[in-house]
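This note sets out points for a colleague who is beginning to read protein structures. Please keep the sequence and the 3D view at hand while going through them.

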Amino acid sequence: MTDNAVIVGAGVIGLATAHRLAQDGLAVTVVDAAGGGAAGASVHNAGWIVPIMSTPVPAPGMLGQAFRWMAHRDSPLYVRPSPRPEHVRFMINMLRHCNPRAFASGVEALTSLNERTLQLFDEYEKDGIRFEQHRVGQLLVFTTRHTMEEYRAATAPMERIGHTAAPLTGDELRDLEPALSRQVLTGLHCPQERHVDPASLVRGLEDRCRELGVRFLHGSPVTGIRSRGRSVTSVLAGGEEVTGDLFVLAAGVHTGSLSRLAGRPLPIRPGKGYGFDDTSGSVTLRHSVYLGEAKVAVTPLSDRLRFAGTMEFGSSDATIDPHRLRGIARSAHTYLPDFPPESQPWGWTGLRPMTPDGLPVIGPLPGKDNMLVASGHSMLGVTLAPVTADIISAEISGGRQRADTARTALPFSPQRFIPRRGRTTADG
Ligand SMILES: Cc1cc2nc3c(=O)[nH]c(=O)nc-3n(C[C@H](O)[C@H](O)[C@H](O)COP(=O)(O)OP(=O)(O)OC[C@H]3O[C@@H](n4cnc5c(N)ncnc54)[C@H](O)[C@@H]3O)c2cc1C
């Protein structure tokens with residue numbers, strides 16, 4: 001008999017997982033709170049496929065910088081003051097991971113996870129998924145030499161998986177991208193990196209899932225999880241009881257509250273990002289470009305230039321703070337002088353699912369034998385979607401494939417967030 005898999009969340013992670021499990025021959029149902037088609041972070045992001053950026057967000061000095069910027073409403077990194085205990089706990093926990101040892105082991109884990117990323121995106125095209133993908137490489141550009149050197153050191157570990165960052169002078173960068181200003185002194189060229197139109201990827205995955213027979217229940221927020229002992233039997237979604245043999249929680253920033261409903265709360269909290277799309281044609285780029293000191297991503301898509309940036313902790317809704325958008329626009333003008341800083345582009349926000357150690361949460365939820373988690377991908381959810389689906393597939397199918405991926409997947413196990421006293425012998 002075919003197993004029924006129920007996936008909660010139709011973002012890029014839930015859809016990639018649905019696609020993979022449907023390819024494996026499972027009968028898949030995807031349940032999503034939103035009315036139709038994914039919204040949220042999976043559509044509102046920079047669309048970079050960047051194994052070269054296999055670095056966890058908590059880095060030495062990172063939160064110190066965020067606290068210093070607290071008075072600046074247009075800074076790229078911001079911790080909103082909030083007395084909510086879960087926010088305070090999360091930030092303290094993240095602070096504990098802002099040290100060189102935790103950072104280095106996070107880099108190692110993420111780099112291994114990204115080893116097959118490009119191959120998996122190639123396989124998407126071969127499977128007939130239609131989406132806008134650009135294989136043109138990426139430029140990281142800087143107005144100061146020391147920031148370039150910091151990034152150069154951070155990208156060195158990714159050489160072992162074939163992703164390189166070659167230093168270039170300002171003039172060499174302007175030869176590649178004439179729109180860059182004279183203030184750009186130096187940069188890094190990462191020829192293997194790619195970018196996609198994220199909305200087209202989400203659409204393409206959903207279309208292909210439908211072709212493979214996946215059932216979608218949009219407009220159906222999950223509000224309850226029913227279990228018999230260690231086995232989940234159904235989720236309550238928009239008033240309907242959806243039964244299944246296997247369940248995957250892939251609900252982005254809401255995965256934390258859903259795991260609480262399952263009795264094992266995971267620390268997944270939002271890191272809010274901002275962006276806007278410029279269709280004026282004032283600037284033309286070929287590569288995706290990272291404006292280093294400003295921490296702004298610029299992505300050339302077929303019909304627009306997308307600007308994205310900001311990491312804001314402590315806010316959990318989609319409201320737009322115009323100061324943040326203006327901050328992105330103003331800093332972009334320094335690097336791309338033809339971009340008008342006072343233009344009022346259409347702005348958007350996206351909530352990145354963050355974890356205190358900066359690593360995704362992928363694998364079985366302790367305490368439940370048939371529930372898995374695929375979330376917490378922070379700044380890399382698009383990049384890591386296909387490999388996440390691979391790991392979930394291997395966990396379900398077991399056997400040799402599982403043994404092969406088990407070592408790569410170990411640092412991402414949800415188990416790391418379950419206090420020892422909350423585990424049972426069956427949880428390992
Ligand atoms: C500004 C910005 C730039 C970024 N740039 C990049 C980039 O260049 N490259 C990259 O790899 N990543 C990037 N990211 C990160 C990436 O966008 C995220 O990691 C990724 O989209 C997370 O996907 P997800 O499917 O886990 O979550 P989401 O996209 O949030 O999807 C979760 C889904 O779950 C549904 N849901 C929530 N609660 C429930 C419920 N109770 N019941 C049913 N359904 C529910 C939601 O409706 C939603 O559709 C960026 C993010 C931002 C904000």
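1. Helices and strands are named here from DSSP runs, numbered from the N terminus; a helix has at least four residues and a strand at least two. The model under discussion is predicted.

2. The second largest pocket deserves attention under this naming. Three elements, α3 (85-96), α9 (255-261) and β15 (269-278), each supply at least two residues of its lining. Of these residues, α3 gives the largest share, with six.

3. The lining of the second largest pocket comprises 24 residues, and those nearest the centre are E86, L266, P267, I268 and R269. The volume of this pocket is about 720 Å³. In general, empty space is found by rolling a probe the size of a water molecule over the atoms.

4. How is the lining of the second largest pocket divided by class? Eleven of its residues are nonpolar, seven are polar and six are charged.

5. The ligand should be considered next. Around the ligand there are 36 residues, of which D32, S42, V222, S378 and T383 come nearest. To this shell, α1 (12-23), β19 (346-354) and α11 (381-397) each contribute at least two residues.

6. The shell around the ligand may also be described by class: 19 of its residues are nonpolar, 15 are polar and two are charged.

7. Which backbone atoms lie opposite nitrogen atoms of the ligand? A polar backbone atom of A33 is 3.0 Å from a ligand nitrogen, and a polar backbone atom of A46 is 3.1 Å from a ligand nitrogen. For M379, a backbone N or O atom lies 2.9 Å from a nitrogen atom of the ligand. Taken on its own, the ligand has 1000 Å² of accessible area, and the protein covers 93% of that area.

8. A final point concerns a sheet. Strands of a sheet pair through backbone hydrogen bonds, in a parallel or an antiparallel manner. In this model, three strands form an open sheet in the order β3-β9-β5, and their pairing is antiparallel. The edge strands, β3 (48-49) and β5 (133-134), each pair on one side only.

9. The pairing of β5 with β9 (residues 194-196) can be followed in the 3D view. These two strands are antiparallel and are joined over two bridges. Which residue stands opposite H134? The partner is H195, which belongs to β9.

Note on methods:
Residues numbered from 1 in each chain as written. Predicted model: local features only at pLDDT ≥ 70, side-chain atom pairs only at ≥ 80, totals over all residues. Heavy atoms only, no water. Near = heavy atom within 4 Å. Polar contact = N/O pair within 3.5 Å; in protein donor to acceptor, adjacent residues only side chain to side chain. Areas by Shrake-Rupley, 256 points an atom, 1.4 Å probe, with all protein chains shown as cover. Nonpolar A, V, L, I, M, F, W, Y, C, P; charged D, E, K, R; others polar. Pairing = 2+ DSSP bridges. 1 Å grid on protein atoms, 1.4 Å probe; cavity = no way out; pocket = protein on both sides within 12 Å on 5 of 7 lines; lining within 4 Å. Points joined across faces, edges and corners; volume = space filled by probe spheres on them.
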